[in-house]
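Please read the following briefing alongside the sequence and the coordinates. The points are grouped by topic.

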Amino acid sequence: MTGCPKSLHTDQQCSTQMASGQLSRAEALACSGCLHACHVLLYSDTPRQLFGNIPIRHIILMQMRFDGLLGFPGGLVNPAEETLEAGLTRELSEELGVALPISVEDHVNSCHAPASSPSSSPSSRLITHFYVKKMEEEQIIEVERAATSTATDHGHEVLGMVRVPLYTMKRGGGLGPFLSHSFIGSARSQLIDSLLRLNLVAPEELHEALTRSLKIHSHTAEDLKATLALPALKRKQL
Ligand code: APR
Ligand code: MG
């Protein structure tokens, strides 16, 4: 990791504690040996209700990625050739079919990708830049339409757009089960941080959803262990 300022040498993962350890945009850009990726959380308010009685409250867009993980739209940007925000707009044009303008004011934080990230080898340390942009509900719906019609990445790098369910239903459905899926890099922390910072979900509600998510996770592990036997059984039959 040559060329990085001293403060970049800690392997700082963006999380709820990020305020103490995050990199400034300028610090991140000073790292000559680092790769850069920019992603954005797009959201709107909505008055709609699920089944006529569960307030949906907000629409937050995420995507099912080519690698089977949930993440935010965006991608790799080369600051030597374009600004971070212009690069993000270019990525959005490919992944969403709309060249949404993103500005420096939409920037939330920059930090190192988690060490477990496949691209975080010592020779190519990845810095992720995260943005949030509020839109009108009609604009969000337009983006969803374009993402499946005009976006060049649809069906390739992006398998589909998904909305984040922010409610918790009587039997626990909603945000808890959503959070139990697998996410790329810091995407889950970025989502949770944003929900808290933007007051989209109350902290106690979020805590409850995460607790539920953890329970689902252990059930999933059991279920996976059981299904692991199936291919072995089929092989024996052949
Ligand atoms: N937190 C941390 N890292 C992330 C996050 C996130 N929320 N989202 C994505 N990444 C990482 C990915 O693991 C990837 O290494 O950032 C890098 C770039 O993000 P992508 O959106 O995957 O990049 P994109 O430019 O859209 O290209 C898609 O093409 O060349 C391949 O493997 C390359 O993943 C890349 C893919
Ligand atoms: Mg991408």
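In this predicted model, E142 has its place in helix α4, which spans residues 137-149, and with a relative accessible area of 54% this residue is exposed. The C-alpha atoms of E142 and V98 are separated by 8.9 Å, although the two residues are 44 apart along the chain.

**Overall architecture**

- The secondary structure of the protein comes to 7 helices and 9 strands, and buried residues make up 44% of its 238 residues.
- Among the contacts between residues at least 6 apart in sequence, 68% join residues that are at least 24 apart.
- The protein exposes about 12,700 Å², of which 57% is supplied by carbon and sulfur atoms.

**Magnesium site**

- The magnesium ion (ligand 2) has as its protein donors the O atom of G74 and an OE atom of E95, which lie 2.2 Å from the ion.
- Because G74 belongs to strand β6 (residues 74-77) and E95 to helix α3 (residues 84-96), this pair ties together parts that are 21 residues apart in sequence.
- G74 is buried, its relative accessible area being 5%, and E95 likewise counts as buried, at 5% relative accessibility.

**Surroundings of ligand 1**

- Around ligand 1 there are 18 residues, of which H39, L76, E95, S186 and Q190 come nearest.
- Backbone polar atoms approach the oxygen atoms of this ligand at two residues: one of G74 is 3.0 Å from an oxygen atom of ligand 1, and one of L76 is 2.9 Å from an oxygen atom of ligand 1.
- From a side chain, a polar atom of E91 lies 3.3 Å from an oxygen atom of ligand 1.
- On its own, ligand 1 has 660 Å² of accessible area, and the protein covers 78% of this.
- The elements that give two or more residues to the shell around ligand 1 are β1, β6, α3, β8 and α6, and β6 gives the most, with 3 residues.

**Helix α6 and Q190**

- Q190, which is found in helix α6, is buried, with a relative accessible area of 7%.
- Leaving aside neighbours within four places in sequence, Q190 is in contact with F72, T128 and F130.
- The buried residues of α6 are A187, Q190, L191, I192, D193, S194 and L195.
- Just after α6, the backbone of N199 takes a positive phi of about 60°.

**Nonpolar cores**

- The largest nonpolar core holds 22 residues, and within this core I60, L175, L191 and L195 touch the most other members.
- Two or more residues are given to this core by each of β1 (35-45), β4 (58-65), β8 (126-134), α5 (175-179), α6 (187-197) and α7 (203-237), and the largest share, 4 residues, comes from α6.
- When neighbours within four places in sequence are left aside, L195 is in contact with I60, L166, L175, L200, V201 and L206.
- Apart from the largest core lies another core, of 19 residues, among them C38, I102, Y131 and M161.
- As a general background to such groupings, nonpolar side chains in soluble globular proteins tend to be buried together.

**The loop at S24**

- S24 is found in the loop between α1 (18-21) and α2 (25-29), where, at 35% relative accessibility, this residue counts as partly exposed.
- A polar atom of the S24 side chain lies 3.0 Å from the backbone nitrogen of E27.
- Along the chain S24 and N109 are 85 residues apart, whereas their C-alpha atoms are separated by 7.2 Å.

**Points to check in the model**

- Which residues act as protein donors of the magnesium ion (ligand 2)? They are G74, through its O atom, and E95, through an OE atom, and E95 is also one of the residues that come nearest to ligand 1.
- Which element supplies the largest share of the largest nonpolar core? That element is α6, with 4 residues, and α6 is also among the elements that give two or more residues to the shell around ligand 1.

Definitions and conventions. Residues numbered from 1 in each chain as written. Chains lettered and ligands numbered in written order. Predicted model: local features only at pLDDT ≥ 70, side-chain atom pairs only at ≥ 80, totals over all residues. Heavy atoms only, no water. Buried < 20%, exposed > 50% of the residue type's maximum accessible area, 1.4 Å probe, protein only. Contact = heavy atoms within 4.5 Å. Areas by Shrake-Rupley, 256 points an atom, 1.4 Å probe, with all protein chains shown as cover. Donors = N, O, S within 2.8 Å, 3.2 Å for Na, K, Ca; no water. Core = buried A, V, L, I, M, F, W, Y, C linked by side-chain atoms within 4.5 Å. Near = heavy atom within 4 Å. Polar contact = N/O pair within 3.5 Å; in protein donor to acceptor, adjacent residues only side chain to side chain.
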